[in-house]
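Colleague: I'm new to reading structures, and I'd like to learn how you justify the words you use. Could we go through one together?

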Amino acid sequence: MRLPPERATADPDLAFGRHLEPDQQVRERRFAAAALTFDFIAKHRFPALSRVDEAVESAEITGDLTVRLKLRTPYAPFIANVLGYAFLAPKHIWENVPSNLATPADWPNDKPVGSGPWKLVEWKKAEYLQLAANADFFMKPKLEGMVVLPVPQMESMVGMLERGDSDMLAWNLDMTLGARISRNPDLDVVRTPTHGQHEIRVNLAMAPTNNKAFRRALQHVTDRKKLLEIIFSGAGVVSNGAPITPALESWANPAISAPEVSVDKARAVLRDAGFSWNADGRLLMPAA
């Protein structure tokens, strides 16, 4: 459930307070669901919600519209990385789940009740999911409703758009399909930066990638711009070599830059670290 960040309060004693706006009340019941949610997760230890149980020690209702969460340890990204996954479980429904189930996850819950921007109208498995706007949500949807269709192939999705059988494709497109849709005067392609990035993680526990100089040389021969052009047709931002994408301007450090692409500099780094080459040009590790 999304709540305005300014309504969050954190205390030095690992407690975290949240205030629920009056128009954000869970449909059919009020805030008793909040405490049940965290107790429920802790009791049944759902694998998909493990991050919640690992972070939250206890939950306490402190008022009609407030809940206090006690964390196990200090955790700065708690709102984004944990709280966003702790969806509310309506108490009047989930406390009555049959006890003969191996896990509550086995309960079909074919009439779900939630607290988000959409309400379930009808779901026919493998056919469609129909949703209606929740007018009580604090960020009211701009659509009255939607029908979500499971379409397994990207080509089929694009074809439905072109024929007018669907209104939106809420998925990433490659540049080829994006260019194809752009040529249709009745369709628009929306481009937006992503907070994610594509990366290669080397094994630091084995040679040669456990050698810092080798990894530095590898950086010098990695042409990020060329990789972006070849793999993604240039649709993206070249990494500066940091673990945080430049698209996250509030977090990324603009002073960090990727090493210059240069085979000569890569060789120099290796040579200075004791690497050498044999007569066939193969790289030799430094003597132990």
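**Reasons behind the words**

Modeller: Happily! This is a predicted model, and a good place to start is Asn240, which sits in the loop between helix H8 (224-232) and helix H9 (263-272).

Colleague: Why is Asn240 called buried?

Modeller: Its relative accessible area is 13%. Buried means under 20%, so Asn240 earns the word.

Colleague: What makes the link between the side chain of Asn240 and the backbone nitrogen of Ala242 a polar contact?

Modeller: A polar atom of that side chain lies 3.1 Å from the nitrogen of Ala242, and the cut-off for such a pair is within 3.5 Å. The side chain of Asn240 also reaches the backbone oxygen of Ile256, at 3.4 Å. Ile256 is among the residues in contact with Asn240 once neighbours within four places in sequence are left aside, and so are Pro246 and Asn253.

Colleague: How do you know that Leu218 is partly exposed?

Modeller: Leu218, found in helix H7 (residues 212-220), has a relative accessible area of 35%. Partly exposed lies between buried, under 20%, and exposed, over 50%, so the label fits Leu218.

Colleague: What makes Leu218 eligible for a nonpolar surface patch?

Modeller: A patch residue needs over 30% relative accessible area, and Leu218 has 35%. Leu218 joins Ile200, Val202, Leu204, Val221 and Val263 in a patch of about 550 Å².

Colleague: And which residues have the most contacts inside the largest nonpolar core?

Modeller: That core has 22 residues, and Phe38, Val52, Val56, Leu69, Phe78 and Trp94 have the most contacts inside it. Its largest share, 4 residues, comes from H1.

Methods
Residues are numbered from 1 along each chain as its sequence is written. This is a predicted model: local features need pLDDT of at least 70, side-chain atom pairs count only at pLDDT 80 or more; totals for chains, interfaces and linings use all residues. Side-chain values use heavy atoms; hydrogens and water are left out. A nonpolar core is a set of buried Ala, Val, Leu, Ile, Met, Phe, Trp, Tyr and Cys residues joined through side-chain atoms within 4.5 Å. Buried means under 20% relative accessible area, exposed over 50%, partly exposed in between (1.4 Å probe, protein chains only). Helices (H or I, at least four residues) and strands (E, at least two) are DSSP runs, numbered from the N terminus. A polar contact is a pair of N or O atoms within 3.5 Å; within protein, one must be able to donate a hydrogen and the other to accept it, and residues adjacent in sequence count only if both atoms are side-chain atoms. Contact means heavy atoms within 4.5 Å. Patches are made of residues with over 30% relative accessible area and no salt bridge: like charges are joined within 9 Å, nonpolar side chains (Val, Leu, Ile, Met, Phe, Trp, Tyr) within 5 Å. Accessible areas come from the Shrake-Rupley method with a 1.4 Å probe; for residues, only the protein chains shown count as cover. A salt bridge is a side-chain nitrogen of Lys or Arg within 4 Å of a carboxyl oxygen of Asp or Glu.
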